[in-house]
Every structure is written in C-alpha cells, then in structure tokens.
Amino acid sequence: MAPKSHKKLLTQLLLGTAAMFGFGFALVPLYDVFCDITGINGKVDLTPAKYSSTETSNREVKIQFIAVNNESMPWSFKPTQASLRVKLGKTYQTAYWAKNLTANYMVAQAVPSVAPSEAAQYLQKVDCFCFNRQPLNAGEQREMGLAFNVLAGMPEHIKTITLSYTLFDITATSAKDVASNN
Amino acid sequence: MSTGTEQLVESELDTQEAHAHHGPAKGISRWFLTTNHKDIGSMYLWFSLVMFMTGGCMALLIRAELFQPGLQFLEPAFFNQMTTMHGLIMVFGAVMPAFVGLANWMIPMMIGAPDMALPRLNNWSFWILPFAFSIMLMTLFMEGGGPNFGWTFYAPLSTTFAPPSVTYFIFAVHMMGISSIMGAINVIVTILNMRPPGMIMMKLPLFVWTWLITAFLLILVMPVLAGVVTMMLMDIHFGTSFFNAAGGGDPVLFQHIFWFFGHPEVYIMILPAFGIVSEIIPTFARKKLFGYSSMVYATSSIAFLSFIVWAHHMFTVGIPLMGELFFMFATMLIAVPTGVKVFNWVATMFRGSMTFETPMLFAIAFVVLFSIGGFSGLMLAIAPADFQYHDTYFVVAHFHYVLVPGSIFSIMAGVYYWLPKWTGNYYDEKMGRLHFWLSFVGINITFFPMHFVGLAGMPRRVPDYALQFADFNAVSSVGAFLFGFSQLLFIYNVVCCIRKRNQATDRVWEGAHGLEWSVPSPAPYHTFTKPPKVD
Ligand code: HEM
Ligand SMILES: [Cu+2]
C-alpha cells in the first residue's frame, strides 16, 4: 500500500500545537482585558482616571477603607479614616498611613481591590499612592494620599463599597533603583 | 522452558506470515530501537504498571498515616510530598501512558493498518517518559524535598513558597507534555491517513473514535499546561510576575490557566475508557452496541463542553454571580451526553445473552461505579453547595470514583480482554474473577466512606484530623490495603499468561467482532501488511 503523505497533516498538527502554546500566554492579557471590560475580580486600574466626571447626583454611598499586610510585611499600615459617606460624581480626598517598623530601608507596593467587584469600574482614582512604589527609611512614617470619585452611573443596589489595599514588600525587586538612589 | 515456547511461537509466525522477513531484533536493543507499534505498546503498558505500583505505594503510605488521628509514620512535610507525587504519578505516569499503550497496540489492528503512521516519533514519545519520571522521582531526594504543593500546583505555593526542586518538576512536566503531544499527533495521523479502503469514519470501532477525540483534546490543552509551567519558571527564575500580586500579576490567573488545561485533562483520562467499555459490553452481551452514532456524537459533545466548564473547580475563589451560574449550568449540561452513553451501555446489555468473564465484570462495574462518580460530580457542580464540599474529602471521593473504578477498571478490563490476543494464551479466568471481586470490594470500602467524612467537613490533603472522623478513616485504610495487595494477583496472572501455554483461539471471545480478532493469536509481529477487505 502506498501510504498517504503524512506531511501536510503533520504540519497542521504541529502548527496547532504551537498556536495553543501561544494561546496559553495570550490568556494572560485576555484575562486582564476581560476583567477590565466586565469589572470582574475587583481589579482596579493602576493608572489615574483621565477625566473626572462632571455628572453629579445627590445619591450617597458609603465607602469603607481596609488595609492588609501581605504575608509578613513588617510595616504598620492603616487608613486614616475607616469609612466615608460620598456623593456620586464628587471628588474626595483621604489618606493611608504607613510606618516602616524595621531597621532597614524598604520599598512597598500597595495593590488595590474593590468589593463588590461590580463597583470596581465606577470607582475612579484621580490620584493614588498605589500608582507609585513607596520607599521608607528605617523607622520613617508617612501619610499617603488618595483622591477618588464614584461615577454617577453606578447601579442602585450598591450601597456600600469596600476599598482594600494589600501592602507588598518589593524591596528585593527594586534593589537596582535603591542602588541608583544612593 | 520459556525459550522453547518462544521458538515455537516464532516458527509459527514464519508459517503464518510467509514474508515475515524480519521478526523482532534480538537482545536489549530491540526495545531501545524498536519502531514496532506492538513493542512500543507493550513498553507503555509495562511502564504504566510500574508507575501504578509506585503511585500505589505512596497511596498506601498516605492511608497508613490516616489510619488513626494524630501523627504516626510520616512527617507532615513528607506527607504533602506523598499526596502531590501520588496524584502526579497516577495521572501522568499510570493512566495516560496505559491508554497510549492500548492505543499503540490496538488502533492499527482495529483499523487494519500495518503500524502507526510515524513509527520513529512513536519510539521517541515512549522513551522520553522514563527520563521524565526519573527526574520527577529524583526530586524526593533533593534538598528541601520534592513537590509538596498538590498535583494542581497552585501558585504561589508552587512559585514563591516552592522547594528548590520545583525547577526539576517543571522540566519533567515539559518532557511528559512533549511525549503526550507526540503520541497524540501519531494517533491522529494514523487514524486519518492509514485506514484501508472501505474503513469509513462511521465504521471505526468506538475505541478508535474516542481515542481520536482524546488526541485532539491533548493537542489543544497539553501546550497550555506547558505554557503555565513556563510562566512558573519565569516567575521563579526570571523575575516576571505572572502570578505575583506584588508585581501586578494574579494568583487566580494561575487557576484559570491550569483548569483550562485541567478539566479537558480529566476527560482525556475517561474518553478512551468509554471506548474500551463500548468494545467489551457488546462482545459479552452478544449484541451490537446500541446507538453507535449517538455514542460518537455524545463523545464529541463531551469533548467540546469540557472546554467551557473549567471554573467549576474555582467556585470559591470569588468569581461573580454570573460566572458561578454560567459554569454551574454548563457543568450540569455535560451530564446529558454522559447520560446518553450510560443509557446506551445499559440498552446494549438489555436482553443480551450475557456472560460474565473478567473483562465484562470490570466493564459492568465501570458503568455502575462511574455513574456514582458522575452523580457526586453533579452535586459538586451545584455552586452554592460546593462552598461546603470544596477541598473536603467529598471531592476526593468524587474523583476517585471516576478515576479508579472508572479509568483504572477500564484499563484492567481492556488488558484482560486483549491479553489473549497479545500473548496467544488465555489468562487464568478464576484468578481474574477473584482479582475483580477483591478490587471491587476494596475500592468501595476505600472510597465510599470518604463521601461521609467529606460531607461532615474533613479537609483533604491533611496528615491529621479531628477525632470524629476516625472510624471512617480506619475503614478507608483497610479497603486501600485490600485493593492495593489484590493488584499482585493481577500482575501474577499477566505474567503467567505470558509464560504458560494455554492456546487462545484467533477469535478469543465467542462474541467478539472486529479486525483485531481476524489475525492469529498471538498477533504476529507484523499485521495487515496488505490492507484487509472491509465490508
Ligand atoms: C458528570 C460529570 C462530572 C461532573 C459534573 C464533575 C464535576 C466536578 C466538580 C464541580 C469538581 C470540583 C469540586 C471542588 O473542587 O469543589 C470536580 C472535581 C474533580 N473531578 Fe469531576 N466531574 C465530572 C466528571 C469527572 C470525570 C469523568 C473525571 C475524571 C476522569 C473527573 C475528575 C475530577 C477531578 C480529578 C477533580 C478534582 C481536582 C482537584 O481539585 O484535585 N470528574 N468535578
Ligand atoms: Cu472539572
């Protein structure tokens, strides 16, 4: 029997394999895009809101602020206000406070998260300490500012929003910048 | 005595195949260099058996520790390595290679092809495996121990908090992934290109059909597994932050990518089993399979659906309500084609003139016990209920019911069914039935009580547990040792069947149909060098 040529099929299958390997990596940006569009996962933009909305309303919601230290991050970290009542569309300012309790220079990064996740896309950050890394010398403390507004279009059934920051120790990965700072 | 037998077999081959210009090469190099699908099939099956026994010993260590509350034999750190290794070895070392071995032996003989389409590739895909698993097992002796993060290796447990040996683990996963992909490519090319005239797709035996679909699943998801371990490697060694929240990554992303691979993977481990059972039941019910084409369509829809249900493993990570609902209903939808298959098997047996030889016993037990696993799967698929069941022994009971009396029983059924064709001898039927009954009783004693402790809240992957779970755990451990040691009977039976002469007929089973039964027993080294006539 003259065997059929396997070359074409083999090439197709190998291409398929390579494409699926690529697809695995494509899932990484796709996942972020998907969360971004749908506001799932409570992921918040790490870039400042481009415009602050002019549309205001008299509706009020409550915002709660939470601070979490990741693993054994040895800083003291808390919000200056536990909660605020805010009018939709208006810009507000508040702050978190952090103190480096160690005897070493350290760099931290705060990562925000919003619950319920549906509210994430309506919470606009005009300015946030989470946009930058936060270096503190041994024993140093600082208030870190946050300016935000809640878009007027937010669904009626959301009455309370929780904004949580987790503080990560990124001293090791920013070692290079430290060297150039000194 | 054995050399005498071999000579006898070979002289027989010569007369049967006038142009059998070369039989197997002599000596050890036969096994290293062979490109013969039967040799490679046998090697896969032996490898799988070794892995099954290795993973089994680990399971018995786990059950010994869990016989009583408190810490008896194992350090908790080592216990974690055992649960991890047991899972990895059983999934990637025992079940998957066993199915590839059966595919190698049977697909060419069932479709009437002389060999697999890409014989050299075939040799490669097998010989990668022993190396991959040696590396994997070696990690147990490295500093910091082997992988201890569960067979699902969730980040950041498997990245930030992993033992240093994780790099070897990643390398081993890459190697066995390559092996599976090469095996899958070979199966697809063989089935699509090597059929003789007249063997149209809708005449393919169901084992061949289910393997074709499995091979496509493998090609679609094994590269994604390779991708996710590559990302781990980069997070660990190259400072990326795919799964590290501090750097803008997301640990939940790991679970999404893993289960995008993981759920189709569990179907990779069950579809060929469906095929085997669909071959065996008609033979011993002496009736044609009920609903052949609905079986093909049901298998295809299960394969398709398996891509859109992955987040049922992640109900508790905090996905939004819409997501919970979507994945809950999509998961339940899979029960429909699965139900079609169970219905067809039962309808095939209905009013058949059944006999209960060992393969049939395993096949019937498969239908019953796999269905129990399917039902507990349905319970887990109810998202609000899963908040209670998740990460408890109920999940352990579920997946062991679909994998042990599911995949493993189907493999045993297949081995007993085709063994006389491979060796030319009947195995000892009495011993086979004894093996079946001990296994059947053993696994039910082992896994059924796990439903109860799971519902009562016993967490999985723990070396110690609260006192109220003690009795059921003791029962489980007894069952596990019963099941484990009965497998020695199986090995003894297989070895005797290879060595003791008890000539099987060509058809082997009175009710058997299909091309594989039209060649002599034992199947000569080369079969269907001339394409058969298919009617
Ligand atoms: C009707 C069909 C099935 C349904 C509805 C189903 C549903 C589920 C669900 C919802 C879970 C997640 C439970 C949890 O972690 O809380 C699960 C876990 C699992 N299922 Fe199934 N399943 C089905 C069939 C199968 C089959 C056929 C296999 C394999 C042969 C399988 C293997 C597994 C495994 C290995 C896990 C546990 C993974 C882990 O966390 O380690 N399932 N199943
Ligand atoms: Cu699943």
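This section walks through the metal sites of a predicted model, then a long helix and some backbone features of chain B, and finally the build of chain A.

A good place to start is the copper ion (ligand 2). Three histidines of chain B serve as its protein donors: B:H263 through ND1, and B:H312 and B:H313 through NE2, at distances of 1.9 to 2.1 Å. Read along the chain, these donors have the spacing H-x48-H-H. The pair B:H263 and B:H312 brings together distant parts of chain B, since the two residues are 49 apart. B:H263 belongs to helix 8 (residues 251-268), while B:H312 comes from the loop between helix 10 (292-305) and helix 11 (321-349). Both B:H263 and B:H312 are buried.

The copper ion has a metal neighbour. The iron atom of ligand 1 lies 4.6 Å from the copper ion (ligand 2). On the protein side, this iron atom has a single donor, the NE2 atom of B:H398, at 2.1 Å. B:H398 is part of helix 14 (residues 393-423) of chain B. Readers following the structure by eye can thus go from helix 8, which carries B:H263, across the 4.6 Å between copper and iron, to B:H398 in helix 14.

Just ahead of helix 14, the backbone of chain B holds a residue worth a look. B:D391 sits in the loop between helix 13 (383-389) and helix 14, and its phi is positive, about 60°, although B:D391 is not a glycine. With a relative accessible area of 34%, B:D391 counts as partly exposed, because that value falls between the 20% limit for buried and the 50% limit for exposed residues.

Another loop of chain B, the one between helix 5 (119-138) and helix 6 (166-193), holds two backbone features. One is the cis peptide bond from B:A155 to B:P156, with omega near 0°; B:P156 lies in this loop. The other is B:F153, also placed between helix 5 and helix 6, where phi takes a positive value near 30° in a residue other than glycine. B:F153 has a relative accessibility of 1% and is therefore classed as buried.

Helix 4 of chain B deserves its own paragraph. It covers residues 76-111, 36 residues in all, and spans 50 Å from its first C-alpha to its last, close to the 52 Å expected at 1.5 Å a residue. Helix 4 is not straight throughout: at B:M90 it bends by about 35°. Of its 36 residues, 32 are buried, so helix 4 is largely enclosed by the rest of the structure. The residue that follows helix 4 is B:G112, with a positive phi near 80°.

Chain A is built from two helices and nine strands. Their order from the N terminus is α-β-β-β-β-β-β-β-β-β-α. Chain A counts 182 residues, 40% of them buried. Its accessible surface is about 9,900 Å², and carbon and sulfur atoms supply 56% of that area. Many contacts reach far along the sequence: among those between residues at least 6 apart, 76% connect residues at least 24 apart.

Within chain A, strand 5 (residues 106-115) shows how the strands come together. It pairs with strand 9 (residues 160-169) in the antiparallel sense, over eight bridges, and A:S113 of this pairing stands opposite A:S164 in strand 9. Strand 5 is also antiparallel to strand 7 (residues 134-136), to which three bridges join it; here A:M106 has A:L136 as its bridge partner in strand 7. Strand 5 is mostly covered, with seven of its ten residues buried. Beyond strand 5, the chain continues into the loop that leads to strand 6 (123-128), where A:P116 is found. The peptide bond from A:A115 to A:P116 is cis, with omega near -5°.

A last stop is helix 1 (residues 7-38) of chain A, which includes A:V33. A:V33 is partly exposed, because its relative accessibility is 44%. Its C-alpha atom is separated by 28 Å from that of A:Y92, a residue 59 places away along the chain.

Technical notes
Residues numbered from 1 in each chain as written. Chains lettered and ligands numbered in written order. Predicted model: local features only at pLDDT ≥ 70, side-chain atom pairs only at ≥ 80, totals over all residues. Heavy atoms only, no water. Donors = N, O, S within 2.8 Å, 3.2 Å for Na, K, Ca; no water. Helix = DSSP H or I, 4+ residues; strand = E, 2+ residues; numbered from the N terminus. Buried < 20%, exposed > 50% of the residue type's maximum accessible area, 1.4 Å probe, protein only. Contact = heavy atoms within 4.5 Å. Areas by Shrake-Rupley, 256 points an atom, 1.4 Å probe, with all protein chains shown as cover. Expected span 1.5 Å × (residues − 1). Bend = angle between axes of the 7 residues up to and from the residue. Pairing = 2+ DSSP bridges.
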